[in-house]
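User: Could you take me through one part of this chain slowly, as I'm new to reading structures? I'd like a close look at a single strand and what lies around it.

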Amino acid sequence: MTKAKILIVEDELITAKAIRSALNSLGYDVLDIVTSGEEAIQKASGSQPDLILMDIKLDSEMDGIEAARQIK
């Protein structure tokens, strides 16, 4: 069985690392942690994750909702 590939978009690094640790312990493959909407778009187009965990309030010019729209 193939592990689901997950991209974490979270600007709080401690939170992102805790999420990654929990997902890894459950057997998921975390592709990367990115901290902005712009990075999320770039990483998603290149790595084609199965799931993106997106923070909607990012500390960048683009929020998570707009990033999700563009990724979709």
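Analyst: Let's look at strand β1 and then at its surroundings.

A quick word on the source: this is a predicted model, where local features need pLDDT of at least 70, side-chain atom pairs count only at pLDDT 80 or more, and totals for chains, interfaces and linings use all residues. Residues are numbered from 1 along each chain as its sequence is written, and side-chain values use heavy atoms, with hydrogens and water left out.

To get your bearings, the chain has three helices and three strands, and from the N terminus on they run β-α-β-α-β-α. Helices (H or I, at least four residues) and strands (E, at least two) are DSSP runs, numbered from the N terminus.

Now for β1 itself, residues 5-9. Four of its five residues are buried, so the strand is mostly covered. Here buried means under 20% relative accessible area, exposed means over 50%, and partly exposed is in between (1.4 Å probe, protein chains only). For contrast, look at Thr2 in the segment before β1: Thr2 is exposed, because its relative accessible area is 72%.

What does β1 pair with? One partner is β2 (residues 29-34), parallel to β1 over five bridges; two strands pair if DSSP finds at least two bridges between them. You can find Val9 bridged to Val34 in β2. To get from β1 to β2, the chain passes through α1, and this β-α-β crossover is right-handed. That label means that, with the strands pointing away from the viewer, the path from the first strand over the helix to the second runs clockwise.

The other strand to check is β3 (residues 51-54), which runs parallel to β1 and is joined to it by four bridges. Try spotting Ile8 opposite Leu53 in β3.

The helix in that crossover deserves a look too. Helix α1 covers residues 13-25, so 13 residues, and reaches 18 Å from its first C-alpha to its last, close to the 18 Å expected. The expected span is 1.5 Å times one less than the number of residues. After α1 comes Gly27, with a positive phi near 95°.

Gln48 also has a positive phi, about 50°, although it is not a glycine. Most residues other than glycine have a negative phi. You'll find Gln48 in the loop between α2 (37-47) and β3, and Gln48 is exposed, because its relative accessible area is 52%.
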